[in-house]
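Visitor: Could you take me through one part of this structure at close range, and then show me what lies around it? I would enjoy a connected tour rather than a list.

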Amino acid sequence: MNRLLRSWRTSILVRVTAITIILSAVLILVVGSLLSSQISNGVFREKMSASISEADSLSNYSQGQLDSTIYRADLKLQTVIDNIFHVEDVNANVIQREVILLPTPKASLKSNMYQGSSNFLDFSIIDSKFREQVRAHATAQSKYLTIKYLNGLHVNGIVVGSTITIPKDMVYEIYYLFPLTQQQQLIGLIDALLWISGAVLIFLIALITWYVTGRIVRPVREAAEIAEELTAGDLGRRLAIRGEDELGRLAIAFNEMAVSLQQQISRLENLSRLQQRFVSDVSHELRTPLTTIRMASQVLFDARHNLDPASARSSELLIAQIERFETLLTDLLEVSRFDARAAILEMREVDISILVRQVADQLHAPGDLRVDAPASPVNSHVDPRRIERILRNLISNAIDHSEGKGVVIRVAESDHEVSVGVRDYGIGFSEREGERLFDRFWRADPSRSRLRGGTGLGLAIALEDAQLHEGTLKAWGRPGLGAHFVLTLPKSPGIPLSSEPIPVIPQDAPSTALFEIDTDDI
Amino acid sequence: MPLVMVVDDDQDLAEMLGIVLNGSGFEVDLVNSGDGVMEIFRANVPDLVLLDVMLPGIDGIEVCRLIRQESMVPIVMLTAKGDTHDVVLGLEAGADDYMVKPFNPSELVARLKVRLRRTGSDTVTSLRIGDLAVDQVAHTIARDGKSIPLTRLEFDLLVALAKEPGRVFTREALLSEVWGYQHATDTRLVNVHIQRLRSKIERDADNPELILTVRGVGYKAGSAGTSEK
């Protein structure tokens, strides 16, 4: 049932065919009923008039015979009456007609002697109302009725009644009964033919509709499928062009669109590839001279005790700035790798809690840094280098912005996800700042970030790393109340996140004016 | 003084490396191109080769392969790319370790010293691992009296595993023990060298018996016949 409903919703072909079947069925039903009733009316009417004329002639003949018995000695009254009842048996199976002779009620007992019928018939089928009608009219009267035999057989038929006078002056009613068996059989046959041809017609109409609609829908469906494939990135797909009609034109236009789309995309791809290549090349090319500079500065720095104070201080500044430059270069290269989609995960199973503790230990946080992790290992398949980088970034950020009010790192897991929440109670950030938090080279407070030599790329890279793992990195913050960054990762690659072991809005958050930065939109 | 052969096309960097290494107690031989490097190598066999991957003429990876064909000398590659591809290529060509430019000079010196370090001052001088005899004094291993040439790094790796049979070494533990890394997560170094070592000492490198992989943890020496004398 659901499948039917689905194909009704999703397939024009099914819908059009179904509607056509329903409409043509209704139409055929109406036309068929009309036709059938017209035909049966006609047949019955025909039989009625034939019956009346037959009954007329029979009763006239019988009356003539009866009248003759008075003058002709050779014609016995009883023989004539027997003849009236005698039904020629043309075909044993088909009853041609029956005759009933009834005395008029006012006739005397004696005149009941000729009452009779051609067969064992139930006389009560001829009701008194009809008998009165017959007696009241000089011409023959007729109506439909059910002929009942005494053995229980019922047959629909026509009765034609008139009066007949049996010498001398005995008035009888004579009823000729014509069964409608043949007519009913005929009508039954016609009806059956009508309905069968109706059904065949519906089937043929459905077939034609299916075929015709299919011919129109197929190219549309192909176009839809190919459009989907184009969307999925297979830019080389094209529609087959058949004919020069509207569908052919659709195919041509569609293909032209695909070509121009492909050209645009490859042009943009080329551009961005060139640009990424350039960034990557620049980063690489800078590395060799930077290495030389770095070693040279180290030599100067090591010898600074032999230099005059200004030169000594210069060597210190030089080495610090080279370090910063180098970090920037590394980050830039990493970003260019993300942009070129050349970043590759090197997955290994690691205990996230241990990773968190290692990073926290390495950062030697001044003040209060607490790690709150489950006692049992939280094993996940991740790229440890990238996760460590994210954690280092989040934790050092939190320490930088905590204003000594402490940092709490929490690790929690669900069946398929693991979350690390880094909460500080320092300066926090405003909604406006939050929107740009993950932007490249953006700093909430430049003087502060530079304390630890941040490049302004840290969170952007962390977000890319999280997304590379098909995880999320979300942030919550309020000015003066601190910030909360939550990294959520699937424990195994390929399983979409279904829950967040740690919600980004911290439990200790004030209940008013909350906002969070959902990086899914970025 | 140990002799370091520096192969680098960037003359300034090469000169700077010379200054730093001289200052740290190394003798330095500078070579500016990949071509002809083998002649110099044969004429003046160094204790260690510091090799830039990007060289005009034959590239560093090819030079590495050439040196490996005739010598087990420690090779440290200098690379501007931290990308998996180049690093793995270099390691597979026979490099023992690599440094990504720009590197910290003191870290470079420390790393070179680890590579030149002589292991084997321990009390255990002779080890067996499976059917291999390991001589820690002569730095040789032999199977059925036939010696198998190993680089010093491969030797160190094998000894580290064989000295504690049954202990499972994580890749990080091996990085710290054999390479001298403190915080390193580049475990490719270990993977590549374990593969190289297996191809030399295992009878069937696809079904190793001497160095076993412990899934999800690391490596250990095969228990088959391992014993200390």
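**A close look at helix α2 of chain A**

Guide: Let's start with the residues that count as buried in α2(A): T17(A), S51(A), A55(A), S59(A), S62(A) and L66(A). Please keep in mind that this is a predicted model. Around those buried residues, the cover includes α3 (77-85), β3 (141-148), β4 (154-166), β5 (170-179) and α5 (181-231) of chain A. The helix itself runs over residues 12-71, which is 60 residues. At 1.5 Å a residue it should span 88 Å, and its end C-alpha atoms are indeed 88 Å apart, so expectation and model agree. As background for reading the buried positions, an α-helix has 3.6 residues a turn, so residues three or four places apart point the same way.

Staying in chain A, let's move along to E346(A), which sits in the loop between α7 (309-339) and β6 (348-351). E346(A) counts as partly exposed because it has 14 C-beta neighbours inside 10 Å. Leaving aside residues up to four places away in sequence, E346(A) touches D383(A) and R385(A). For the pair E346(A) and R385(A), the separation is 39 residues in sequence and 8.3 Å in space, C-alpha to C-alpha.

Chain A also meets chain B, in a contact that takes 18 residues from chain A and 16 residues from chain B. On the chain B side, helix α1 (residues 11-23) gives the most, with five residues. That side of chain B divides into eight nonpolar, four polar and four charged residues.

Now for chain B as a whole: it holds eight helices and 13 strands, and buried residues make up 39% of its 229 residues. Among its contacts between residues at least 6 apart in sequence, 56% join residues at least 24 apart.

The largest nonpolar core has 66 residues, and V7(B), L50(B) and L158(B) touch the most other members. Helix α6 (residues 152-163) of chain B supplies the largest share of this core, seven residues. A second, separate core of 45 residues includes L333(A), I352(A), L355(A) and V418(A). Zooming in on L50(B), and again not counting residues up to four places away in sequence, you will find that L50(B) touches V4(B), M5(B), V6(B), V7(B), L17(B), V76(B) and L78(B).

Technical notes: Residues are numbered from 1 along each chain as its sequence is written. Chains are lettered from A and ligands numbered from 1 in the order in which they are written. This is a predicted model: local features need pLDDT of at least 70, side-chain atom pairs count only at pLDDT 80 or more; totals for chains, interfaces and linings use all residues. Helices (H or I, at least four residues) and strands (E, at least two) are DSSP runs, numbered from the N terminus. The expected span of a helix is 1.5 Å times one less than its number of residues. A residue is buried if 20 or more other C-beta atoms lie within 10 Å of its own, exposed if 12 or fewer, and partly exposed in between; C-beta atoms are placed from the backbone. Two residues are in contact if their C-beta atoms, placed from the backbone, lie within 7 Å. Ala, Val, Leu, Ile, Met, Phe, Trp, Tyr, Cys and Pro count as nonpolar, Asp, Glu, Lys and Arg as charged, and the others, Gly among them, as polar. A nonpolar core is a set of buried Ala, Val, Leu, Ile, Met, Phe, Trp, Tyr and Cys residues joined through C-beta atoms within 7 Å.
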